[in-house]
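Student: I'd like a close look at the strand pairing in this one, and at what lies around it. Could you walk me through it in one go?

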Amino acid sequence: MEKANQIKKSEVIKPPVTHVGVIGWMRANLFNGWFNSLLTIITLYFLWISVPPLIRWAFIDSLWISTGAECLQNDGACWSIIPANIRFITFGFYPYDQQWRPLVAMALLIGLLFYSRNRDHWKKSLAYAWILGLFVMGLLMKGGLFGLIPVETAQWGGLPLTLLLSVFGLTAAYPLGIVLALGRRSKMPAVKTLSIMYIELIRGVPLISLLFMSSVVFPLFLPQGVTINNIIRAQVAIILFTAAYIAEVVRGGLQAIPRGQYEAADSIGLSYYLTMRLVILPQALKIVIPPSVQQLISAFKDTSLVVIIALFDVLRTTQTVLSDPKWMGFSAEAYIFVALIYFLCCFFMSNYSRRLERELETGL
Amino acid sequence: MVTQKSEKTESSKANDAIIEIVEMHKWYGDFHVLQDINLTVNKQERIVICGPSGSGKSTLIRCINRLEEHQRGKIVVDGIELTNDLKNIEKIRAEVGMVFQHFNLFPHLTIVDNLALGPIWVRKVPKKEAEETAMYYLEKVHIAEQAKKFPGQLSGGQQQRVAIARSLCMSPKVMLFDEPTSALDPEMIKEVLDVMIDLAGEGMTMIVVSHEMGFAKSVAHRVLFMDYGQIVESNTPEEFFENPQHDRTKLFLSQILH
């Protein structure tokens, strides 16, 4: 027996060199037939003529700390526009000497978000931490207590505003979307009709028009003297809009749950609420993680539309910097920077969703 | 076998009805699935229902815990009449265990969590106690070592035994089995039937929709034959198999007994 094994070992046949390693990979993926070879060569050519100049512009000839005038003398990228204006881009018109307050609030928010990433931390204490955190953030932003100078919401802007609109927009829209999805599948005709009407109405309207309505039309219906804060109105519009889309995503997940699951839950005497909470939604929401995150990412980016109702989110503050004569002409650099901020946030969301999917995998 | 026989006669004497179905009808749209069903099930009685597919046998037992609604007649379970009253329905469902053809375990929960779910949320038992009960019943169906796994990691026979244990955790007064072995590979049928026979030995009231005639012969007090939505014949297993009264029963038996 041993002998036989030995013989086998010495006779192990290796695959031809042309099928393994770097050469094998290139043959299989880049030069597999004349057409693919041609495509590879054309692609390489375009990379050759585009990448080196880009690297030269962005990294070699670029200026990182300088004035706008110096930049004009230079061929490369003018990244100096970012450090020179970082405080305005980040905080907008928030009073200059008070800008540590939104900074601390953002740090708190990001810290809480990061801590909440781990599902082992999802306990009651975390809920209290969030409530306390939200209170502290509100206090820091608005002031007026404990010797903090009050800051009008009209002066809020930049990254804190973007985060505020998106984090609260998304966290409020998701539960609302779930309720709407359940409503749409409800056996009660009134609930069902209302949910369908809501979803179809909101979905049939662009977010821009909802934002306009919230800032122009909605105040007409308020009694005289009553005003509702501009940010809150935008926030509500974003929540209502996103919820309609989330509802349809969640409904897709609900439909994927076999009837047997409902029957099993019924047969042990669970009420409708408990059936949904313990049996159906955990499964349905897991199924819809990819499309949900897709929806959340898209909603996050849509918050930049609030510029049209004169809110200064991070995109708008960047544009404002570009209208400064000292820095005119360096829009590419500024937009790349803002794009990077958006990308980082979206990347974390999609990264986290993949992690959740892995964690929730149970083999069925 | 002998002990089972003596126990059979004993329990059929105890004349305590736990389920009473009187002149019950059900329609799916225009289709009359259940016609004039009259059935009384006593405590500790074991009934096997057989019949061709589409005869309404599954629908009948699903009416008992109101997974299906009946349109005429009366169903009384454990002294409570089934109406549209949700609270009553939930109460009855908690007392009536059900085992499905396709197991219907909750795939997102571990085995032990599948079992503890009902006791914790419906019976309001403390979590620790519910888990202990769960482990007790898992021992009973010989599957305790799988407690931490997910349903998707178990074989069909194992899943069905877990499903039985899940029902037992609610300490039901009646157990309904809806073709519990018909989705299983042949070698797994026995392990499930063994668990059901154990259960019968402990005096559980059982209504079993099944074509396992061996099981019916050895365990049932009564065998019902259904066809076209009616109970055609109802008899002791001995009489039912050796001396069927109706032609339809004879035809059915000749088709499934080789």
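Tutor: One term first: two strands count as paired when DSSP finds at least two bridges between them. Also keep in mind that this is a predicted model.

Let's begin with the four-stranded sheet of chain B. This sheet is open, is paired antiparallel throughout its listed order, S2-S1-S4-S5, and has S2 (31-42) and S5 of chain B as its edge strands, each pairing on one side only. Helix H2 of chain B, residues 57-64, packs on this sheet and touches S1, S2 and S4 of chain B, with its direction at about 120° to that of S1(B).

Now go inside the sheet. S1(B), residues 17-28, runs antiparallel to S4(B), residues 72-77, and five bridges join the two. You can pick out individual partners here: B:Ile21 faces B:Ile75 of S4(B), and B:Ile19 stands opposite B:Val77, also in S4(B). As background, side chains in a regular strand alternate between the two faces of the sheet. There is a backbone oddity to look at too. B:Glu23 lies in strand S1 of chain B, and the phi of B:Glu23 is near 45°, a positive value in a residue other than glycine. For context, most residues other than glycine have a negative phi.

Follow S4(B) onward and you reach a hairpin. S4(B) and S5(B) have two residues between them, and B:Asp78 in that turn has a positive phi of about 50°. The two strands pair antiparallel over two bridges, S5(B) being residues 80-81. B:Val77 turns up again here, with B:Ile80 of S5(B) as its bridge partner.

Next comes the six-stranded sheet of chain B. This sheet is open as well, and its order is S6-S7-S8-S3-S9-S10, with mixed pairing. S6 (96-99) and S10 (230-235) of chain B are the edges; each has a single partner strand, so one side of each is left without a neighbour in the sheet. From one strand to the next, the twist averages 20°.

At the S6 edge, S6(B) pairs in parallel with S7(B), residues 174-178, over four bridges. B:Val96 stands opposite B:Val174 of S7(B). Helix H3 of chain B lies across S6 and S7 of that chain, at about 65° to S6(B). Helix H7 of chain B (residues 186-201) packs on the sheet too, touching S3 (46-50), S7 and S8 (205-209) of chain B, and its direction makes about 150° with that of S8(B). In the loop between S6 and helix H4 (111-121) of chain B you'll find B:Phe103. Phi of B:Phe103 is near 65°, another positive value in a residue other than glycine.

Which element gives the most to the lining of the largest cavity? That would be S6(B), with three residues. The search of the whole structure finds two cavities of 30 Å³ or more, and the largest has a volume of about 60 Å³. Its lining takes in residues from both chains, including A:Ser267, A:Ile268, B:Val96, B:Gly97 and B:Met98. H3, S6 and helix H6 (156-168) of chain B each supply at least two lining residues. By class, that lining has five nonpolar, three polar and two charged residues.

A:Ser267 and A:Ile268 lead us to the contact between the chains. There, 22 residues of chain A touch 23 of chain B. Together the chains bury about 2000 Å², 64% of it on carbon and sulfur atoms. A:Ser267, A:Ile268 and A:Thr362 supply 30% of the area that chain A buries against chain B, more than any other three residues.

H3(B) also brings us to the second largest pocket. Its volume is about 1400 Å³, and 32 residues line it, with A:Lys187, A:Tyr262, A:Asp266, A:Tyr272 and A:Met276 nearest its centre. Helices H8 (159-184), H12 (259-267) and H13 (272-287) of chain A, together with H3 (86-95) of chain B, are the elements giving two or more residues to that lining. H13(A) gives the most, seven residues. The pocket lining divides into 15 nonpolar, five polar and twelve charged residues.

Note on methods:
Residues are numbered from 1 along each chain as its sequence is written. Chains are lettered from A and ligands numbered from 1 in the order in which they are written. This is a predicted model: local features need pLDDT of at least 70, side-chain atom pairs count only at pLDDT 80 or more; totals for chains, interfaces and linings use all residues. Side-chain values use heavy atoms; hydrogens and water are left out. On a 1 Å grid over the protein atoms alone, a cavity is a set of points where a 1.4 Å probe fits but cannot get out, and a pocket is an open set with protein on both sides within 12 Å along at least five of seven lines; lining residues have an atom within 4 Å of a point. Grid points are joined across faces, edges and corners, and a volume is the space filled by probe spheres set on the points. Ala, Val, Leu, Ile, Met, Phe, Trp, Tyr, Cys and Pro count as nonpolar, Asp, Glu, Lys and Arg as charged, and the others, Gly among them, as polar. Axes are lines fitted to C-alpha atoms, for helices over the stretch in contact, and angles run from 0 to 180 degrees between N-to-C directions. Contact means heavy atoms within 4.5 Å. Buried area is the accessible area (1.4 Å probe) that two parts lose on being put together, summed over both.
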